Amino acid sequence: MSKSTVRGASAVERVLGLLRDPPAEPDTSAGHLDLLGPGAQPSPSLAQSAMESTFLPQIYEHVWRPVGFNLAKGWPFGPDTAAEHAMARDWLGLSHPGYAARPPATVLDVACGPGNVTRALAEGVGRGGLVVGLDTSQTMLARAVEDTADGDVCYVRGDAVDLPFRDGTFDAVCCFGALYLFDDPWTALDGMTRVLKPGGRLIILTSRRPVPLTAARIGGELIRRATGLTVFGDREITRALSERGFTAVRQHRYPLMQVVGGSRGHPLP
Ligand SMILES: C[S@@+](CC[C@H](N)C(=O)[O-])C[C@H]1O[C@@H](n2cnc3c(N)ncnc32)[C@H](O)[C@@H]1O
């Protein structure tokens with residue numbers, strides 16, 4: 001492994017120690033730890049094709065994300081990006097930028113995109129902590145690496161539906177703006193549960209079907225088939241967390257989005 005090509009080289013070493021099956025010759029040539037390699041990936045949905053384009057990562061954080069997500073959260077009444085980041089740090093038991101007492105937590109940001117939320121989480125983590133951003137998109141990860149200076153952040157190219165980490169590894173797991181893109185969100189949720197330490201915390205920001213009517217469900221299914229986006233009902237994510245043994249499950253609902261969180265119960269399921 002060429003350490004000079006990757007940001008936070010010691011963070012990479014630490015991440016290798018968290019993997020179930022660490023590669024014999026880790027590839028960090030693109031500035032992130034690539035666990036997927038060049039092999040053919042399944043053909044992506046329409047939505048995921050956009051995530052893998054070279055254009056979207058350039059406008060994602062400052063245009064696409066605030067405009068699209070703030071509208072879906074009911075702007076001007078819903079939380080803006082800064083409030084959303086603060087909520088993530090609070091619900092995950094992290095601290096806030098500038099606070100002296102910040103926990104040395106190990107945090108996973110699933111489907112980190114260009115690292116916008118990853119960096120916000122890192123601001124709540126203290127010395128000795130580690131924040132890992134995982135995504136499949138090389139173009140998103142390239143932008144994440146370019147925009148991140150923090151040595152305790154490491155980016156990994158991996159699949160959220162088959163998380164490469166050992167059981168009970170993370171104090172906190174965040175998955176914002178992505179569960180609805182996964183081909184199997186429930187397997188992804190199983191993986192997020194598995195990699196959390198008992199008592200560790202999870203927060204998810206995802207889609208929300210605003211009305212529970214059958215017509216809306218059918219509409220959601222049509223959207224999924226056309227674009228690959230899943231629109232979740234109000235109870236689907238909270239119920240899924242309870243079924244996986246999470247306690248203190250909570251939810252904030254916005255017009256087209258929901259934030260759901262909880263603490264992973266003991267012992268390991
Ligand atoms: C809309 S961005 C979200 C970025 C950031 N988390 C946020 O809240 O703004 C969604 C990201 O999910 C990633 N993604 C989609 N399917 C994935 C999978 N199976 N494994 C890992 N990342 C995935 C995409 O590549 C994309 O970067």
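Guide: Let's settle one word before we look around: a residue is buried under 20% relative accessible area, exposed over 50%, and partly exposed in between, using a 1.4 Å probe and protein chains only. This is a predicted model, so local features need pLDDT of at least 70 and side-chain atom pairs count only at pLDDT 80 or more, while totals for chains, interfaces and linings use all residues. Numbering runs from 1 along each chain as its sequence is written, and side-chain values use heavy atoms, with hydrogens and water left out.

Visitor: Fine. Is Ser-207 buried or exposed?

Guide: Ser-207 counts as buried because its relative accessible area is 9%. Look for Ser-207 in strand S6. Helices here are DSSP runs of H or I with at least four residues, strands are runs of E with at least two, and both are numbered from the N terminus.

Visitor: What does the side chain of Ser-207 reach?

Guide: The backbone nitrogen of Phe-232, at 3.3 Å. That's a polar contact, meaning a pair of N or O atoms within 3.5 Å; within protein, one must be able to donate a hydrogen and the other to accept it, and residues adjacent in sequence count only if both atoms are side-chain atoms. For plain contact, the rule is heavy atoms within 4.5 Å. Leaving aside neighbours within four places in sequence, Ser-207 is in contact with Tyr-180, Thr-230, Val-231, Phe-232, Leu-256, Met-257 and Gln-258.

Visitor: Val-231 is on that list. Where is the place of Val-231?

Guide: In the loop between helix H8 (214–227) and H9. Beyond four places in sequence, Val-231 is in contact with Ser-207, Arg-208, Arg-209, Gly-220, Ile-223 and Glu-236. For a sense of scale, the C-alpha atoms of Val-231 and Leu-33 are separated by 31 Å, with their places 198 residues apart along the chain.

Visitor: How should I read a helix such as H7, and how many of its residues are buried?

Guide: Start with the general idea: an α-helix has 3.6 residues a turn, so residues three or four places apart point the same way. Helix H7 (residues 185–195) is mostly covered, with eight of its eleven residues buried. Pro-185, Ala-188, Leu-189, Gly-191, Met-192, Thr-193, Arg-194 and Val-195 are those buried residues. They pack against several elements, including strand S2 (106–110), strand S5 (170–176), helix H9 (236–243) and strand S8 (257–264).

Visitor: Arg-194 is buried too. Which side chain does Arg-194 meet in a salt bridge?

Guide: In general, side chains of opposite charge can pair when their charged atoms come close. The rule used is a side-chain nitrogen of Lys or Arg within 4 Å of a carboxyl oxygen of Asp or Glu. Arg-194 meets Asp-167 this way, at 2.7 Å, N to O. Arg-194 lies in helix H7 and Asp-167 in the loop between S4 and S5, so the pair ties together parts that are 27 residues apart in sequence. Arg-194 has 19% relative accessibility, whereas Asp-167, at 47%, is partly exposed.

Visitor: How many salt bridges does the count come to?

Guide: The count comes to 13. One of them joins the side chains of Arg-14 and Asp-152 at 3.9 Å, N to O. Because Arg-14 lies in helix H1 (residues 9–16) and Asp-152 in the loop between helix H6 (138–147) and strand S4 (153–157), this pair ties together parts 138 residues apart in sequence. Arg-14 is partly exposed at 33% relative accessibility, and Asp-152 is partly exposed at 30%.

Visitor: Now the backbone. Where does a cis peptide bond occur?

Guide: One joins Trp-75 and Pro-76, with omega about 10°. Pro-76 is found in the loop between helix H3 (56–72) and helix H4 (81–91).

Visitor: What is phi of Ala-111, and what is phi of Ala-248?

Guide: Phi of Ala-111 is near 60°, a positive value in a residue other than glycine. For Ala-248, phi is near 50°, again positive in a residue other than glycine. Ala-111 sits in the loop between S2 and helix H5 (116–122) and is buried at 19% relative accessibility. Ala-248 is in strand S7 and is exposed at 61%.
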